[in-house]
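Reader: Please pick one part of this model and describe it closely, with each term pinned to its cut-off.

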Amino acid sequence: MMLEILNLSHNMITGSIPFSLENMVSLVSLDLSDNELEGVVPNNRVFRNASSPQAFRNNKGLCGDLQGLLPCNQSRRSKGLKKNGHKVLISIFASLIGIVFLALAIIGVFYLLHKKAKKGNIEATTRNHGNIFSIWNFDGQIAYEDIIQVTENFDSKYCIGTGTFGNVYRAVLPTGHVVALKKFHPLEGETIIVNDETFGNEIRILTEIRHRNIVKLYGFCSHPLCMFLIYEYMEKGSLARILSNQVEAMELDWLKRVNVIKSVANALSYLHNDCIPPIIHRDISSKNILLDLELEARVSDFGIARLLKQDSSNWTSLKGTHGYIAPELAYTMVITEKCDVYSFGVLALETIMGRHPGELISSLTTLVGQKMLLRNMLDPCLTFPSDPKVAKEVISVVRIALACLRSHPQSRPTMHQVLEELLVIQPSSMEHFHTISIGDLNDIDVQ
């Protein structure tokens, strides 16, 4: 049986009219008057056919398009739609924000990957070019291959000098840097023996040395059949080479020679007193004193003997360059700072004389040597010092050199004392430079 008449008047019904009533197509009469209903009355066929204008009277706030109803306020009509619209807008906005963040995250990931790949390419290029300027990031094997290539396997045409421990080569690295390579030469058929336990620590100490009068050690390469150190390149070469070339020796005037000697003293004082542990050079000679374009001197080959294993017969026999070795090493194996002091004395005389003093050193303590005049010792390619200040500097250098050449180590000054003496010109009682003898200079002690 189908419902045709529905009278719900006077029931205090609240809320809105159920939209389910619109499905009751059998209704022919509908009365919802005298209740607490509110909201929109559906405008459909059921409500239009089954209701009269009196069917909705005396309610709280019904509205609609049917006859007898007040028209609904537009905001009320759209309130539900707006509420749903806000939800839709919020969802769309949240989705857009999510998409933006996702896009930024993807871009960030690609940027980091690109940066990492670029860094890897730079590092690979650096390694392939032998980055010897940061020793602990230095790939010795790759640098070895690079240097073998640029020197054509240490061809003699790249050799710029020889020393006690090996030959020196000039090399232009693929990076464009010009460096000097100190390649050690073992005896025929021998391999170089390196103490692996201490080698790294010694290299670290040497590469951390920073001094204006010491050649910078950039790095090293250790190979079973070949070992070399990589140094800062000095354009003018060695003091020995300059002194042997008359034109260049004349360019190195008295004041510049005194400055060379002061620079070497400064470097040795630093190695002996300011390095921890102290470093004994062991091979001070004119071949190991290098000069730059401004003729500023720097000490090279410092600390090399400490890097080499002492039970290798090839190295234990080498404790310096012949003609610079302290006499006590002929009867003792003990190497002290005073050995460097003696070598410095020989070097100072050589710089003033323009040649190695040779047998002159042994005659300095004899009666004949004591009577030798200073002017007869000076390099003949230079004129006698005319400036009194320069003359006093030369006199001071020779006086200090003689003190450094004393046969007994304990009677020699320290390099710190030598440096202090050189930096302060001592007043001289000598009235005539041309009459000063070796004996006169020996009578003045170094404090």
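Author: **Packing around one helix**

The buried residues of helix α14 pack against α7, α10 and α13, with contact meaning heavy atoms within 4.5 Å. The model is predicted, so local features need pLDDT of at least 70 and side-chain atom pairs pLDDT 80 or more, while totals for chains, interfaces and linings use all residues. Numbering runs from 1 along each chain as its sequence is written, and side-chain values use heavy atoms, without hydrogens and water.

The protein has 15 helices and 13 strands (DSSP runs numbered from the N terminus: H or I of at least four residues for helices, E of at least two for strands). Of its 447 residues, 44% are buried (under 20% relative accessible area; exposed is over 50%, partly exposed in between; 1.4 Å probe, protein chains only). Among contacts in the protein with a separation of 6 or more, 61% are between residues 24 or more positions apart.

Helix α14 covers residues 415-423, and M415, V418, L419, E421 and L422 in this helix are buried. Viewed down the axis of α14, these buried residues fall within an arc of 165 degrees, so they line one face of the helix (the arc is taken over directions from the helix axis to the C-beta atoms).

One partner is α7, which packs with α14 at an angle of about 145 degrees, the axes being 8 Å apart (axes are fitted to C-alpha atoms, for helices over the stretch in contact; angles run from 0 to 180 degrees between N-to-C directions). The crossing of α7 with α14 is left-handed (near helix turned anticlockwise from the far one by less than a right angle; clockwise is right-handed). From α7, the contact takes in I261, K262, A265, N266, L268, S269, H272 and N273; from α14, M415, H416, V418, L419 and L422. By class, these residues are seven nonpolar, five polar and one charged (Ala, Val, Leu, Ile, Met, Phe, Trp, Tyr, Cys and Pro are nonpolar; Asp, Glu, Lys and Arg charged; the others, Gly among them, polar).

The partners of α14 also pack on one another. Helices α7 (residues 254-273) and α13 (residues 388-404) meet at an angle of about 40 degrees, with axes 10 Å apart. That angle makes α7 oblique to α13 (under 35 degrees is roughly parallel, over 145 roughly antiparallel, 65 to 115 roughly perpendicular, the rest oblique). The crossing of α7 and α13 is left-handed. W254, L255, V258, I261 and K262 of α7 make this contact with V390, E393, V394 and V397 of α13. Seven of the residues in the contact of α7 with α13 are nonpolar and two are charged, with no polar ones.

Helix α10 (residues 337-353) packs with α13 at about 145 degrees, and their axes are 8 Å apart. This crossing of α10 and α13 is also left-handed. On the α10 side are V341, Y342, F344, G345, A348, L349 and I352, which meet V394, V397, V398, A401 and C404 in α13. The contact of α10 with α13 contains 11 nonpolar residues, one polar and no charged.

Between α13 and α14 runs a loop that holds Q410. Q410 has 71% relative accessibility and therefore counts as exposed. The C-alpha atoms of Q410 and K338 are 7.7 Å apart in space, with these positions 72 residues apart in sequence numbering.
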